[in-house]
Amino acid sequence: MPKPFLSIEGLAKRFPSPGNTAEPLTVFENVSLGIEKGEFVCIIGHSGCGKSTIMNVLAGLDEATEGAVIMNGKEVRGPSLDRGVVFQNYSLLPWLSALKNVTFAVKARHKDWPRDKVMAHSYKYLEMVGLSGGAELRKPSQLSGGMRQRVSIARAFAIHPELLLLDEPFGALDALTRGTIQDELLKIWRGTGQTVFMITHDVDEAIYLADRILLMTNGPQARVAESVEVGIPRPRSRDEIVEHPNYYKVRNHLVHFLARRSKELAGSANTTPNGQPETVRFGEGIDEEQSGRPPLYAINQ
Ligand SMILES: Nc1ncnc2c1ncn2[C@@H]1O[C@H](COP(=O)(O)OP(=O)(O)O)[C@@H](O)[C@H]1O
Ligand SMILES: [Mg+2]
């Protein structure tokens, strides 16, 4: 069988114990996943389970202790402009203005573009995230946390990477800006055929955006236990999505996983034969009982 666009194979990350006196700390292990080209995948799990570490390995910025990441048939080794990253802590170049942080990346991506094309393209993305009218000329230290995050988003979106890696990208944004930028992200994703791998702790955001949602157990020795298919057709509207029969089934499943099962499954071994997470699918005629899930976690209690 051909490999998927992104193939994560038996990934593990271990850190030596302080002074090498005890067993190394295994953050996660046996993480095997396939992601198809053009998929929008979110990953959810409690703080510290290793989500950012997995993403840094996908970005080529950190090395796994075991296993490999293959993208487009080639092993990921070191960073590349084919993989755009929005970090949890934005990471802008502090000596450059917001605008130059974006043009710098666009120039690196499109070495043959004339200056005015680079400028127009960069401005388009800065305006999209609501940074214009002079704010784009300020340096990161002169911007609020939310504004810095928006520069980082504009920079990643502007280079149209084949794989967009987003680490809780909207966490620092107010609800209104967050909604606008989520919709822009969906528009870009639909228009470019990009593949998106996004970390979030917001279950509603994940359901609104993703094709499927990966659930990680608590660390240490975390693993990706399940891949939950959202199964809600696109384009999705914020108002109508809650009416879809899958919405609360998926939502309850995610909330129940975070509240209970992420802990119960911590340290347990994977039981699927190919080491991939178990697929969870809801739809007509399938309910939680039939798919072997525990009873619904009641929300709003
Ligand atoms: N350099 C390091 N040395 C030891 N432990 C580390 C190091 N970097 C990260 N960790 C540990 O790895 C775990 C996963 O971290 P992280 O990937 O940031 O989690 P998440 O993004 O899911 O919150 C945490 O328990 C953290 O303490
Ligand atoms: Mg993190």
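A residue counts as near a molecule if its C-beta atom, placed from the backbone, lies within 6 Å of it. Keep that cut-off in mind for the ligand. And note that this is a predicted model.

So, ligand 1. Which residues are around ligand 1? Start with F15, L25 and V27. Then comes G45, followed by the run S47, G48, C49, G50, K51, S52 and T53. G219 completes the list. By class, that shell has four nonpolar residues, seven polar and one charged. Two elements, β2 (25–35) and α1 (51–59), each supply at least two residues of the shell. Which element gives the most to it? That is α1, with three residues.

Next, the sheets. β2 takes us to one of them. It belongs to an open sheet of four strands, ordered β2-β1-β4-β5, with antiparallel pairing. The edges are β2 and β5 (74–75), and each of these pairs on one side only. Look inside that sheet. Strand β1, residues 6–15, pairs with strand β4, residues 66–71, in the antiparallel sense. There are five bridges between β1 and β4. For a register mark, take S7: its bridge partner in β4 is I70.

Now the seven-stranded sheet. It is open too, and the pairing is mixed. What is the strand order? Read it as β6-β7-β8-β3-β9-β10-β11. Why is one side of β6 (83–86) and of β11 (278–281) left without a neighbour in the sheet? Both strands stand at the edges, each with a single partner strand, so one side of each has no neighbour there. On average, neighbouring strands in this sheet are turned by 20 degrees against each other, direction ignored. At the β11 edge, strand β10, residues 224–229, pairs with β11 in the parallel sense. That pairing runs over four bridges. V228 has V280 in β11 as its bridge partner.

Go to the β6 edge. Helix α4, residues 145–158, lies across β6 and β7 (163–167). The helix runs at about 170 degrees to β6.

That brings us to helix packing. Two packed helices are described by the angle between their axes and the distance between the axes. We have two pairs to cover, and α2 is in both.

First pair: α2 with α4. Their axes come within 9 Å and cross at roughly 20 degrees. Angles under 35 degrees count as roughly parallel, so α2 and α4 are roughly parallel to each other. The crossing is right-handed. Who meets whom? On the α2 side we have A98, N101, V102, A105 and V106. On the α4 side, V151, A154, R155 and A158. By class, this contact has seven nonpolar residues, one polar and one charged.

Second pair: α2, residues 98–109, with α3, residues 115–128. The axes come within 9 Å here, and the crossing angle is roughly 125 degrees. Parallel, perpendicular or oblique? These two helices are oblique to each other. α2 passes α3 in a right-handed crossing. From α2, the contact residues are A98, L99, V102, T103, V106 and K107. They meet V118, M119, H121, S122, Y125 and L126 in α3. That contact has eight nonpolar, three polar and one charged residues.

One last point on α2. A98, V102 and V106 appear in its contact with α3, and A98, V102 and V106 appear in its contact with α4. Thanks, that's my tour.

Methods. Residues numbered from 1 in each chain as written. Chains lettered and ligands numbered in written order. Predicted model: local features only at pLDDT ≥ 70, side-chain atom pairs only at ≥ 80, totals over all residues. Axes fitted to C-alpha atoms, helices over the stretch in contact; angles between N-to-C directions. Parallel < 35°, antiparallel > 145°, perpendicular 65-115°, else oblique. Left-handed = near helix turned anticlockwise from the far one by under 90°. Contact = placed C-beta atoms within 7 Å. Nonpolar A, V, L, I, M, F, W, Y, C, P; charged D, E, K, R; others polar. Pairing = 2+ DSSP bridges.
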